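User: Hey, got a minute to walk me through this model? I'd like to start with the ligand and then look at the sheets.
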Amino acid sequence: MYAQIKRLAESWKVDGHFEKKLLENEEKTLAEYNIKLSKDILAKFCDKNDLKSFQQCTGPYGNKVCAKFDAYVFSRTFPLIKSVLEQPTSFGRWTKRQHNRNLLQFSYPENIFYHFFNTELSKGCTNQCWFCGLSAPKYEKYYHYDHEVWCALLRCMQQLLGNDAMQTNLCYWASEPFDNPDYEKFILDYKNVLGVLPYTQTASAAKNIERTRAFLKINDEARFQEAGFSVLSKEDLMTIYHNFSAEELEKIEVRIQFNHKCRHKVCFGRARKEKKQESAGEYFWTLLGFLVNMVDKKIQLTMPAIATDARPCGGIILDEKYFTTIDDFKEKVELMIKNNMIDKILKSDIRLLA
Ligand code: SF4
């Protein structure tokens, strides 16, 4: 039932004519969107004499049903984030200091869903969305799967940052997860080594239905089962709706990206350039820690910041190094921690960020 109502709410947001169509021909409209709700339930959920009451439930981040869905995800992951910020290590103290800074600079910082170690398994992104907050460059190539190297790298970061810091991360950033043909192998290794399947948000779910079906099976076994589909066109949405039932997508957050009215686009990266607006205290860059591009063998230490012309994506790169082997990787990360995460701050260390 939850899955069907979730799809009803998504459809309402996607199609400005949905309400009119539903009023004119309920059966045909529900079939068009592959929604299976009985007349009784539909009547209970949206009173046709007062349809506006349903619309009043919607806000920039979705309707009541999806808001509940978000709250459910957050309630399970925030204790992990808090535990990292309280860690009595150089990394823990550094993240806490940056979090305190974020409390001062962002307008609603309490809910920042931090990642502490993200990896890009390809260079660039094939989708090139106009609104890309990370201004992902054009796709160049992907990193070839190497089980030994990948697992060794994960174990190394687990040892350096602690297990909790490895639970909320992504295996993509300014990249599309499905651009790597072995993405599923990488995340299954992640789960085997670290005990949690990383969250996946893909904009390519409609490109290869069989692959997406297989991914959904993997995702079903995850500890935190939610994943997200960014839907870039109505055609893609219909392809997804007609290939997957509402129940199959129950744990998938369907993010409609093609209808400006149904999804607020934050002013970062390409969207900032396009909208020519400031981000007004909003944050977008949620990576507080390390970003590793596996194609370039590049490690960056990074943290969230207010977007400016000089850093339109709202992230600051504090340090950058390249690695060759896993031993070299470990050495470089340790050096970055030593150089940037001082345990004691002297007055002379304090400087204001522009
Ligand atoms: S928003 Fe995501 S899918 Fe779109 S260009 Fe950026 S990284 Fe790629």
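Analyst: Sure. I'll call a residue near a molecule or strand if its C-beta atom, placed from the backbone, lies within 6 Å of it. Keep in mind this is a predicted model: local features need pLDDT of at least 70, side-chain atom pairs count only at pLDDT 80 or more, and totals for chains, interfaces and linings use all residues. Residues are numbered from 1 along each chain as its sequence is written.

User: OK, which residues are around the ligand?
Analyst: You'll find C125, N127, Q128, C129, C132, L134, A136, A174, S175, E176 and A203 there.

User: And how does that shell divide into nonpolar, polar and charged?
Analyst: There are 7 nonpolar, 3 polar and 1 charged. Nonpolar here covers Ala, Val, Leu, Ile, Met, Phe, Trp, Tyr, Cys and Pro; Asp, Glu, Lys and Arg are charged, and the others, Gly among them, are polar.

User: Switching to sheets: what order do the 4 strands have in the open one?
Analyst: β1-β7-β8-β9, with mixed pairing. Strands are DSSP runs (E, at least two residues), numbered from the N terminus, and two of them pair if DSSP finds at least two bridges between them.

User: Which strands stand at the edges?
Analyst: β1 (115-120) and β9 (315-322); each has a single partner strand, so one side of each is left without a neighbour in the sheet.

User: How many bridges join β7 to β8?
Analyst: 5, between residues 287-293 and residues 298-304, and the two strands run antiparallel. L291, for one, has Q300 in β8 as its bridge partner.

User: And what about the sheet with β4?
Analyst: That's an open sheet of 3 strands, β4-β5-β6, with parallel pairing. β4 pairs with β5 (residues 227-231) over 2 bridges, and Q201 has G228 in β5 as its bridge partner.
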